[in-house]
Amino acid sequence: MSISRDQHSREFLSSEIIDDEFFNSIIEKKLNVSRESIKINHVMLSSVTNKNDNYMSNVYQATIKVALLNSNESMTLSIIFKVLLPIFQEFKKFDVFTRECFMYADMIPSFEKIWLDEANEVVEFAPKCLKSQESPYEIIVLDDLKANGYQMMDRRVGLTLNQTKLALRKLAKFHAASAVRYQRNGTVQNFLDRKLSVTPENKSNINQFEKRWIADYHGFLETLKTYRDCNYYVDKIAEWNQLQLSRHSLVVVNPMKCGMVVLTHGDYWLNNLMFKFNESNEAEDVQILDFQSSYWGTPSLDLHYFLISSVHDDIKVEYYDEFIEHYHDKFVESLLKLGYDQYIPTLDDLYEDLLDKSQMVAVSLLFILFITKYDSEEEINMEYIITECQKEREFYTRIYGNETFKKALKLWLPFLDELLLMPANAKNEGYMSNVYRVKIKIEILDTKERLNVDVVLKVLLAIYEIFGKFGIFEKECLMYEDVILNLEKMWLEKTSEIIQFAPKCLKIEASSYEIIVLEDLKSIGYKMMDRKIGLTVDQTKLALTKLAKFHAVSAMKYQAEGISQDCLERTKSITPEMKRPEMEKLGITLIQLYQAFIDNLRKYGNCDEYADKISCWDQNKILHYWIKVVEPMKCGMVVLTHGDYWLNNLMFKFNEFNEAEDVQILDFQSSYWGTPSLDLHYFLISSVHDDIKVEYYDEFIEHYHDKFVESLEKLGYDQYIPTLDDLYEDLLEKSEMVAMSMFYVLLSAKYESTQEFDLDYLTLNDEKDPEFFDRTYGNETYKKAIQAWLPLFEERGYLDKML
């Protein structure tokens, strides 16, 4: 059982560790004298840990009266020692004590020496470390800055303009000296590299922290809903990618794109700063405390953290850009003074990095701003905050619902919404990409007209590099820039009707990141539907009508040009590079899903008959489904399939009567030439409301066929047009797609756990936790859906076709 802060303090102060030997060693170092030449006459100890101001340590001040025996002088010394609380012993696995000791003993003195040697300037970044020891208590002894005239500021009030700039100047000097040290010596220690410091020993702790971050995110969101005037931000924040949020600590330490790396403080906020004032009460120096979280990274981490947490509410937004520019000026000035001879980031580079590290904005809003603005008389229990995943509702009301926090947050949200990217794909919705919604304010110089431009950035996740071997980025670029535009043009020329299948593509970038920039359909009234609920009859028919038109005009293109790009022909797009071991993981995953699906099906209690039949399926048909399903119809019909046509890749627009009147299609990474059956199986199994999908199944197939034939005739298609029987025959021939839709895409559509759906884990992890399959195939939403489908699939012969 953990002990309280007060109990720990009593035990520490009465321990044998606090003896003459302890203090003699400190005085020796501070005064640079021998032990024989000093005598301690008196020591007075007091705790200086104010409630809600120091969170992971107890901090004590020791006033020591010392006699210098050689000169008969007496003096009074003041020192500070901080003692890590035992409730945070789990942080030992993250080297927090080792790191802080090394920072005080090595890194900070080296930075100060760099300033003296290279710029002939005396710079003090932090109080001098006089002693450290690890057992039986983790103790760091420091000079008492307060005795030298330094003081802390009120965290709830925040810093003034001049105080903020002073803190930014010191930070810029610290970062600049660290950049020089990095240039000379590299990482120095593994525990200063966050990615290297993630070891098997602390991975379970990291997972625990990730769960806690997600829980706090939900607590923040639920409290934000009570503000009443923040619904716009509630909707936007509800769409944040929680996997990205929970793993922010590994993303925010990536170097700047220009290559700049600095040592971050990692916890640079008002409570870790002490200011010294002159006789005019103007701040003239600031020193930094607490280096437990220092890692190599970029300036943006500290800048986001500091500016969001520590600046007075009345100036933080108005002067934001001035603060960034001031920091940049001083950073560049410092690098030049120190003789840094590598590329020096421009102001644009810095703003770009602030944008890239926007996860730190979310983290600062959720996890540091509430501490800064906490105004309750009840003490902040950091053990509860850090270790408890399921917190009481009242706790979140206290930290996120108090008026001081609300005022600060309401000032930040409009500004951050305009300045920074907010993830646009909700948790468990965007699987292979991060999607961001960007609002750009522009002015037309000739007319002085001001406009808002709304765009969406789709960025392929690096963890899915394996899919790059299938050319998915190149294919999607081709689809947006060429194929879709030509299909829309052909439709216009043949029918005199304007049709839009997808949002317009505005830009493609394929350098450091693979990015597609699209018009923001949400800004013009389109919205996504809830994947767990599914589409109504009318919405389903609207989606099938758009799909029929897409297929029909693609058939015209195929008739005119054949297959003009190999990347759209699945058998030609399979290259020797794809037969490497990484690709075999995909096959392993399919078989794992198939077997887990059967195991869970047997647990349902009423599906043993289906489980027995499915367990006899030919596994080669599963492994090679992706070749079979793109074969032409027997009648010769070939269309361009979407390949991933389901509810999450559709956006609907509604009229004043709340009736869906248009739908547009997203995500063309999986498009290949094939037959309508691929998209029909995939869409109908994954995306239709459970209460209607079986009852209206044939009506939906007939509706699609009617619109497909109607579209082909409108376009003047002069080849054989498939009958409804032809289509049903092809649906049976493509039964592999039924199997894939059941145990692959339907699990995504019906996933309902609050735990992030990790496609990286699903696709590439050889050994999957059984709990994962319980969450996917065992949840009630999935069970209801599959139990409704299985009798129909049996009746239609889809299950037998896989034997």
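Helix H17 (residues 472-495) packs against helix H25 (residues 697-715) at an angle of about 70 degrees, their axes 8 Å apart. That makes H17 roughly perpendicular to H25; the label covers 65 to 115 degrees, while under 35 counts as roughly parallel, over 145 as roughly antiparallel and the rest as oblique. Axes are lines fitted to C-alpha atoms, for helices over the stretch in contact, and angles run from 0 to 180 degrees between N-to-C directions. Met490, Trp491, Lys494 and Thr495 of H17 meet Ser711, Lys714 and Leu715 of H25. Contact means heavy atoms within 4.5 Å.

This is a predicted model: local features need pLDDT of at least 70, side-chain atom pairs count only at pLDDT 80 or more, and totals for chains, interfaces and linings use all residues. Residues are numbered from 1 along each chain as its sequence is written, and side-chain values use heavy atoms, with hydrogens and water left out.

## The chain as a whole

The chain holds 31 helices and 20 strands. Helices (H or I, at least four residues) and strands (E, at least two) are DSSP runs, numbered from the N terminus. Of the 803 residues in the chain, 56% are buried. Buried means under 20% relative accessible area, exposed over 50%, and partly exposed in between, with a 1.4 Å probe and protein chains only. The accessible surface comes to about 34,300 Å², and 48% of that belongs to carbon and sulfur atoms. These areas come from the Shrake-Rupley method with a 1.4 Å probe; for residues, only the protein chains shown count as cover. Among contacts in the chain with a separation of 6 or more, 77% are between residues 24 or more positions apart.

## The five-strand sheet

One open sheet has five strands in the order S1-S2-S3-S5-S4, with antiparallel pairing. Strand S1 (38-47) and strand S4 (129-133) stand at the edges with a single partner strand each, so one side of each is left without a neighbour in the sheet. The twist averages 25 degrees from one strand to the next. Two strands pair if DSSP finds at least two bridges between them.

Strand S2 (residues 57-68) and strand S3 (residues 73-84) run antiparallel and are joined by 12 bridges. Tyr60 stands opposite Phe81 in S3. Gln61 has Ile80 in S3 as its bridge partner. The hairpin of S2 and S3 has four residues between the strands, and Asn72 there takes a positive phi near 60 degrees. S3 also runs antiparallel to S5, through five bridges. Val83 has Ile139 in S5 as its bridge partner.

Two helices belong in this picture. Helix H2 (residues 20-31) packs on the sheet and touches S1, S2, S3, S4 and strand S5 (139-143); its direction makes about 105 degrees with that of S1. Helix H3 (residues 96-119) lies across S3, S4 and S5, running at about 30 degrees to S5.

## The three-strand sheet

A second topic is the open sheet of three strands, ordered S6-S8-S9 with antiparallel pairing. Its edge strands are S6 (150-151) and S9 (283-288), each pairing on one side only. S6 and strand S8 (residues 273-277) run antiparallel and share two bridges. Tyr150 stands opposite Lys276 in S8. Helix H4 (residues 161-185) lies across S8 and S9, at about 50 degrees to S9.

## Positive phi

Most residues other than glycine have a negative phi. The table lists two loop residues that are not glycine.

| Residue | Phi | Loop | Relative accessible area |
|---|---|---|---|
| Asn281 | about 60 degrees | between S8 and S9 | 59%, exposed |
| Asp290 | about 60 degrees | between S9 and strand S10 (296-297) | 17%, buried |

A glycine appears too: Gly562, just after H18, takes a positive phi of about 70 degrees.

## Helix H18 and Lys458

Helix H18 (residues 537-561) has 25 residues and reaches 36 Å from its first C-alpha to its last, close to the 36 Å expected at 1.5 Å a residue. The expected span is 1.5 Å times one less than the number of residues. H18 is mostly covered, with 18 of its 25 residues buried.

Lys458 sits in strand S13 (residues 449-460). Lys458 is buried, with a relative accessible area of 6%. Its C-alpha is separated by 5.9 Å from that of Asn434, although the two are 24 residues apart along the chain.
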